[in-house]
Amino acid sequence: MASVLVLSGYGLNCEDETLRAFELSGFTGSILHLNDLLSNPGKLRSYQVLAIPGGFSFADNTGAGNAFACKTAPLLEKVENFLEEDKLVIGICNGAQILVRLIKDLEVTFEANTSNQYQCEWQDVEVPESGSIWMRGIHRIRLPIAHGEGKLVPLDMGNLKVDVAMRYTQDVNGSYDRIAAVTAYEGKMLITMPHPERAVSLVQTDDYYMVREKCRRENVPIPRDGPGMQIFKNAYDYFR
């Protein structure tokens, strides 16, 4: 059975709901503090997915994700080998910021939103054809965002070296080309600012009551899953 390792520690705070999202899609899994993985990197071999969840690691004091990425640097080769073994990696919000600072070859970064404010809201995103394993069969999705430094910027402006996995339908935070998420390593890594783990059940969504009423009027079953669930199911189906 496919298994996921969800990192925790130093201000990451979405590990429980991230693990729960994977479990609902069929995975087994564990939450492990970064220090425990650093002391025994071989533990990573026991899993098929590595997930770095959202939060405020090191309180974002040196830039969102930067300090955690520096702390994680000894694992860089292990993470790259992990992907070469046909396994998957996902970084969500703060996890996304950590990954782009850990893996310099991605050549993208996240900067402060053009609003200079923390933005917490639901947004519609489009999913272009990208080859992403995580986004298969999804063309448009509505997910929550919660970030202060979510503006994606290529280090070589105009030369994007990763594929677009999600694109906001409007200019939300100043991201280059309205990019909300990117994918790399032949679609095996997903780096996303929107939070799919906060939208795995319909009752979590901002339009739940409208959807419920529409289903009742049309006399059809009310969906159980939220829009984010398909992302986790895609990961499970990849191994199944």
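This short talk covers an aromatic cluster, some strand pairings and one buried asparagine in a predicted model.

I start with the aromatic rings. The structure holds 9 aromatic pairs. Take Phe 22 and Phe 27: their ring centres are 5.2 Å apart and their planes stand at 90°, so this pair is edge-to-face. Phe 22 and Phe 27 are both buried.

Phe 22 also pairs with Trp 134. That pair is edge-to-face too, with 6.3 Å from centre to centre and 80° between the planes. Where do these two residues sit? Phe 22 is in helix 1, residues 15-24, while Trp 134 is in the loop between strand 6 (119-126) and strand 7 (140-147), so the pair ties together parts that lie 112 residues apart in sequence. Trp 134, like Phe 22, is buried. Phe 22, Phe 27 and Trp 134 belong to one aromatic cluster, along with Phe 232, Tyr 236, Tyr 238 and Phe 239.

Next, strand 3, which spans residues 49-52. Val 49 and Ala 51 point one way from the strand, and Leu 50 and Ile 52 point the other way. Are these residues buried or exposed? All of them are buried.

Strand 3 has pairings to strand 1 and to strand 4. With strand 1, residues 3-8, the pairing is parallel and has 3 bridges; there, Val 6 stands opposite Ala 51. With strand 4, residues 88-92, the pairing is also parallel, over 4 bridges, and Val 49 stands opposite Leu 88.

Now back to strands 6 and 7. They run antiparallel and are joined by 8 bridges. One of the bridge partnerships is between Gln 119 and His 147, the latter in strand 7. Of the 8 residues of strand 7, 6 are buried, so the strand is largely enclosed by the rest of the structure.

Gln 119 and His 147 come up again with my last residue, Asn 173, which touches both. Asn 173 is in the loop between strand 9 (163-168) and strand 10 (179-184). Why does Asn 173 count as buried? Because its relative accessibility is 0%, and the cut-off for buried is under 20%.

What does the side chain of Asn 173 make a polar contact with? One partner is the side chain of Ser 175, at 2.8 Å. In addition, a polar atom of the Asn 173 side chain lies 3.1 Å from the backbone oxygen of Gly 150. Leaving aside residues up to four places away in sequence, Asn 173 also touches others, including Asn 113, Thr 114, Lys 151 and Tyr 168.

Key: Residues numbered from 1 in each chain as written. Predicted model: local features only at pLDDT ≥ 70, side-chain atom pairs only at ≥ 80, totals over all residues. Heavy atoms only, no water. Phe/Tyr/Trp six-rings, centres within 6.5 Å; stacked < 30°, edge-to-face > 60°. Buried < 20%, exposed > 50% of the residue type's maximum accessible area, 1.4 Å probe, protein only. Helix = DSSP H or I, 4+ residues; strand = E, 2+ residues; numbered from the N terminus. Pairing = 2+ DSSP bridges. Polar contact = N/O pair within 3.5 Å; in protein donor to acceptor, adjacent residues only side chain to side chain. Contact = heavy atoms within 4.5 Å.
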